[in-house]
Amino acid sequence: MYYQPKVNLKNGEVLGFEALIRWQHPEKGLLTPADFLPIIEDSDCMIDVSDWVIETVLKLLNQWQKKDSKLTISINIAPCHLIQHDFASHLQQHLARYPRVSPEYLELEILETAALDDVIRVSKIMEACMKLGVNFSLDDFGTGYSSLTYLRNLPAKTLKIDQTFIRDMLIDPEDMAIVIGTIALAKAFNRDVIAEGVETIEHGRELLKIGCELAQGYSIAKPMPPEKINDWLQQWDTDFKMF
Ligand code: C2E
Ligand code: MG
Ligand code: MG
C-alpha cells in the first residue's frame, strides 16, 4: 500500500492519509490500480484484495495508535465489495482483530457513482458501518448525478471533489463553478469537503480563497510507501508555509 496525505492548507494540520494500492510486479515493476484492478473487478479476487487492504491498513493504524497518533487512514472500497450483504459484519470482524484501533480513525471512500446506483441499499450499509464508528467520504464527487435528496440520504461525513474539476478550475470557469458549488453544497449539508488532485501551489491558494481548506494532491505529496511517512511529516512542517 502507498499512502497520500490529506492536509488542512490553512493551518498545515495533517488529517491523515489515503491508502492507495500498488502491485510490485516481478517483471513490469510497480503497477498502479488502473493496470490491474479492472481485471479483477466484480470477481471474488477483488474481495480478497479488499480484505488484504483493510487488514494492512488496520495493522498500520494499530502501530500508530500505540504511539497515540491521531492520524486517520482512508480506504477505497470497490462497489462490488460494499454491496455484499455482510459487508458491515465483515468489517466488524476485521475491527475486532484490532481492539486497540479506534474505528473513527478509519474512513471508507466510496464512489459517488456507486452510491447512486442503489441509494437505499448503500445508505443502509453505510449506517451499519457508521454504528461501528467508521466514517465515509463520497469519492470523485461531481461525476455522478447527485440530487439533493440523494445527498441527504447518504450519511457521508466528507465530499471529495473529483480531481478533473480541480485540475482545470484555474482555466475553465465551468469547472470552477462546480468546485464552488460543491463547497457550498457541503457547507449547506454540514459535510466536510476536500479537494483531490491539487497539483500546484496556485490551485491550493485558490481553493483556500474560495473556502476549501482540506486538500490532497501532488503539490502536497505524491503517494508514498509507509516507511517514507515519518520523513514527509517532518518536511511538511516547513513546506506547508508555501501555500
Ligand atoms: P481515487 O480514490 O480517486 O484516488 C486518487 C488518485 O489520484 C490516485 O491514483 C492518486 O495517486 C491520484 N492523485 C493524487 N493526487 C494527484 C494529483 O495531484 N494529480 C494527479 N494527476 N493524480 C493525483 P491511483 O493511486 O492510481 O488510484 C486510482 C484509483 O484506483 C483510485 O482513485 C481508486 O478509485 C482506485 N484504488 C486505489 N487503491 C484502491 C484500493 O485499495 N481498493 C480499491 N477498490 N480501489 C483502489
Ligand atoms: Mg479515493
Ligand atoms: Mg477520487
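The following paragraphs describe the overall fold of the chain and then its two neighbouring magnesium sites, as seen in a predicted model.

The chain is built from 11 helices and 10 strands. Its radius of gyration is 18 Å, which agrees with the value near 18 Å that a compact globule of 243 residues would have. Along the principal axes, the C-alpha trace spans about 45 × 45 × 40 Å. Of the 243 residues, 52% count as buried, and the accessible surface of the chain comes to about 12300 Å², of which 52% belongs to carbon and sulfur atoms. When contacts between residues at least 6 apart in sequence are considered, 67% of them join residues at least 24 apart. As to charge, 24 positive and 36 negative side chains are present, and the centres of these two sets lie 6 Å apart.

Two of the ligands are magnesium ions, ligand 2 and ligand 3, separated by 4.2 Å and bridged by Asp139. The magnesium ion (ligand 2) has as its protein donors Glu18 (OE), Asn76 (OD1), Glu109 (OE) and Asp139 (OD), which lie 2.1 to 2.2 Å from the metal. In sequence, the donor residues of this ion follow the spacing E-x57-N-x32-E-x29-D. Asn76 belongs to strand 5 (residues 72-76) and Glu109 to strand 6 (residues 106-111), so that this pair ties together parts of the chain that are 33 residues apart in sequence. The two donors fall into separate accessibility classes: Glu109 is buried, with a relative accessible area of 1%, whereas Asn76, at 31%, is partly exposed.

The magnesium ion (ligand 3) is coordinated by Asp139 (OD), Asp140 (OD) and, through two entries for OE, Glu196, at 2.0 to 2.4 Å. The sequence spacing of the donor residues at this site is D-D-x55-E, with Asp139 also coordinating the magnesium ion (ligand 2). The bridging residue Asp139 has a relative accessibility of 6% and therefore counts as buried, the cut-off being under 20%. Asp140, by contrast, has a relative accessible area of 23% and is partly exposed.

Taken together, the two sites are linked through Asp139, which coordinates both magnesium ions across their separation of 4.2 Å. Among the remaining donors, Glu18, Asn76 and Glu109 serve the magnesium ion (ligand 2), while Asp140 and Glu196 serve the magnesium ion (ligand 3).

Note on methods: Residues are numbered from 1 along each chain as its sequence is written. Chains are lettered from A and ligands numbered from 1 in the order in which they are written. This is a predicted model: local features need pLDDT of at least 70, side-chain atom pairs count only at pLDDT 80 or more; totals for chains, interfaces and linings use all residues. Side-chain values use heavy atoms; hydrogens and water are left out. Helices (H or I, at least four residues) and strands (E, at least two) are DSSP runs, numbered from the N terminus. The radius of gyration is taken over C-alpha atoms; the globule rule is 2.2 Å times the number of residues to the power 0.38. Buried means under 20% relative accessible area, exposed over 50%, partly exposed in between (1.4 Å probe, protein chains only). Contact means heavy atoms within 4.5 Å. Accessible areas come from the Shrake-Rupley method with a 1.4 Å probe; for residues, only the protein chains shown count as cover. Lys and Arg count as positive and Asp and Glu as negative; His and the chain ends are not counted. The place of a charge is taken as NZ of Lys, CZ of Arg, CG of Asp or CD of Glu. Donors are N, O and S atoms within 2.8 Å of the metal (3.2 Å for Na, K and Ca); water is not among the atoms, so sites may look incomplete.
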